[in-house]
Amino acid sequence: MNGKKLKRTWLSYSSYKNALFCVPCKLFTKIENSSNISKLAYTGLTNWKKVTKKIPLHENSPIHKKNVCSWTSLEMALNHCEGIDTELQNSIRKEEGHWKSVLLAIIDIIMHLAMDSSAFRGSNEIISSVGTSNRSGKFLNLVNQVSHYHEPLAKHIERHKKGGLSYFSHGIQDEFLEIMAKRVKDEILSKIIEAKYYSILFDCTPDIAHQEQMTQVIRYVIQNDQNECEIIESFIKFVRVYNKTGESLTEDILDCLKKDNLRISDCRGQSFDNGSNMSGKIKGVQARIIKMNKLARFIPCSAHSLNLIGVNCAKSIPKVETFFGIVQKLFNFFSSSTQRWDILMNNLKLSLKGYSTTRWSAKHRAIKSLNTQLDMVFKSFDVLKQEKLSEETKFDADNLIRSLKCFSFICMLAVWEKIISALTGLLKILENFREQGINEALLDSKNKAEILGIETEFSKVRSRKKKLLPGEIAEDEFCTISEENKFLIMIKNVIDNIFIGLRQRFKSMENIAQDFSFLDPTIIYSWPMENLKKAGVDLCIKYENDLNKIEFISQLESFKEHVYNIDDDLKRVTFFEMLNFIYKNKLQDAYPNISVAYQIYLTMPVTSASCERSFSKLKLIKTYLRSTTEQARLNHLSILSIENKIARQINYEDIINDFAAKKARKVNF
């Protein structure tokens, strides 16, 4: 009458009979004289042409109103357990509450073990009582332990012993793990889809069962519930790969994105290790993906790149490789014997580190530890001479002391500690070190050698005379160069090799930084508007589907003129802090193109370290005793363990509902 729409909750449609029914009239009308009963309460209304007339007539009839009241009265009685089947309803509700309480405890235990990367099963599936052999695994042991403080679970265990339903089997565990993992994965994927732009990080490693596992990590930028900017790198799954060629890996990666409903056109960055199958410019994965989406710009993992630069430089010059070999040999000498290690650690309180070929930080620790405590190493050798040692050990110790008490070795220690530390600051620090730092390091080495009583001169090597060719008059000048100058030349060659490696391996990162550099808050404030417009147009040409050129330039002018008046500190903030300011103050509606540009830049990956961290979880989950774990269970356990922050927010009641609805059960929850 007043135009307001009301739902007719009493009206129901039967797809089997293709007819409409009035539920309360169907339930409460006595069929004594069918001619006086509306078809809505008897055979169903099938005359669709007269629906608009028949329904209002039936709705306003006295018998319908009476039946609706009877239906409401019955519903209230059932809700308050006041019907004739009160005892039955109470029994059903009590049983339902019992099973829900039991399942909540079971889910909690499963979640705890999954997030802790712990094993579930033992050698049997029998809950052990006190004083009996305990080989039933962590899951059943925790069930037994929790039952001491959880009455419904204790009653359930008693029923189970008498042959009742258990819900303790590994099959039930897999079902719960699947439901929980799916909820976590769906939550992550929904955030990625909401963010729109993302970057992909993939890496491969063999597991304990000698199966090649490829990890999938997605990097994206979102606005969280507190209206703050958040950069997230989320683990999605492990994928078993059978062929490691660039073509095969590309197919596997695209298949992963397709299954997750992620469009490759929204990908704005990709980061892999420096393997040729991944980073190859022609047949590598990155090149194949760029052919499909030119905006999916490749950035090699900076951590891998730095490590490879150092390894290549160390191997390029024999004397440098020999130096690192001595460092590792010294560590092996002490660590291979508990007696020698006790002398080193307990008596002298000295800590040596091993040299690693895969971690740059390990190289730094090994060199720094030895350089700062070289005098303590010499003292430890003096203590060893007082012990009864085998001839072989004495021989190794004498060789090591001879190598350590060499001025060139001390200089190498000082120089390489500076080089490795400087790599974190990259080119500028290395350039200054090449010009001035080498001489300072040599001076420090001479002072240290004098304190240790070592000669401050490089050991002379007999010069090899080069036979002159017929008609050749000039002699080889390298033979006349002093040993100190030879050392300086060698170190400068090392630094030059580092320069070349840095420029080659970080070229793509430098190109991306140049494209977005004008968006640096300091540059926006200080640059003339003409320069900003030119850089903005160039960026819009590259990202024509993401940024509108005219709108972007207009917003950039307004942004420079008005936004900096809000907060003077914006002149000195980072890209992340600027986007965070935009989100917090809800400026993305006023400057959508600028916020998108910041989002794309922050979506670009820097390293694939998240992939390496997922491998650490893989080694904890798929161990020697769990080497037969199936791929699905591996992924379920991995995502719950790695993305445990999201897993903790899961509503267990929803899990039980999904579990009950998945298929028919013997017990209705």
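**Helix pair α15/α16**

I looked up how α15 (residues 374–385) sits against α16 (residues 391–404) in this predicted model. Their axes come within 11 Å and cross at roughly 155 degrees. Angles over 145 degrees count as roughly antiparallel, so α15 is roughly antiparallel to α16. The crossing of α15 past α16 is left-handed.

Next I listed who makes the contact. From α15 come V377, F378, F381 and K385. From α16 come A397, L400, I401 and L404. I then sorted the contact of α15 with α16 by class: seven residues are nonpolar, one is charged and no polar residue takes part.

**Nonpolar cores**

Which residues have the most contacts inside the largest nonpolar core? I found F139, F176, M180 and I200. This core has 70 residues.

I followed F176 outward, skipping its neighbours within four places in sequence. F176 is in contact with L103, I106, I107 and I110. It also contacts I655 and F659.

Another core lies apart from the largest one and has 46 residues. I noted L374, F487, M490 and I491 among them.

**Y220**

Is Y220 buried or exposed? Y220 is buried, with a relative accessible area of 1%. I placed Y220 in strand β4, which covers residues 212–223.

I also checked Y220 against E230, ten residues further along the chain. Their C-alpha atoms are 8.5 Å apart. E230 is one of the residues in contact with Y220 once neighbours within four places in sequence are left aside. The others are I188, K191, I192, A195, Y197, Y198, I231, I232, S234 and T603.

Methods:
Residues numbered from 1 in each chain as written. Predicted model: local features only at pLDDT ≥ 70, side-chain atom pairs only at ≥ 80, totals over all residues. Heavy atoms only, no water. Core = buried A, V, L, I, M, F, W, Y, C linked by side-chain atoms within 4.5 Å. Buried < 20%, exposed > 50% of the residue type's maximum accessible area, 1.4 Å probe, protein only. Contact = heavy atoms within 4.5 Å. Axes fitted to C-alpha atoms, helices over the stretch in contact; angles between N-to-C directions. Helix = DSSP H or I, 4+ residues; strand = E, 2+ residues; numbered from the N terminus. Parallel < 35°, antiparallel > 145°, perpendicular 65-115°, else oblique. Left-handed = near helix turned anticlockwise from the far one by under 90°. Nonpolar A, V, L, I, M, F, W, Y, C, P; charged D, E, K, R; others polar.
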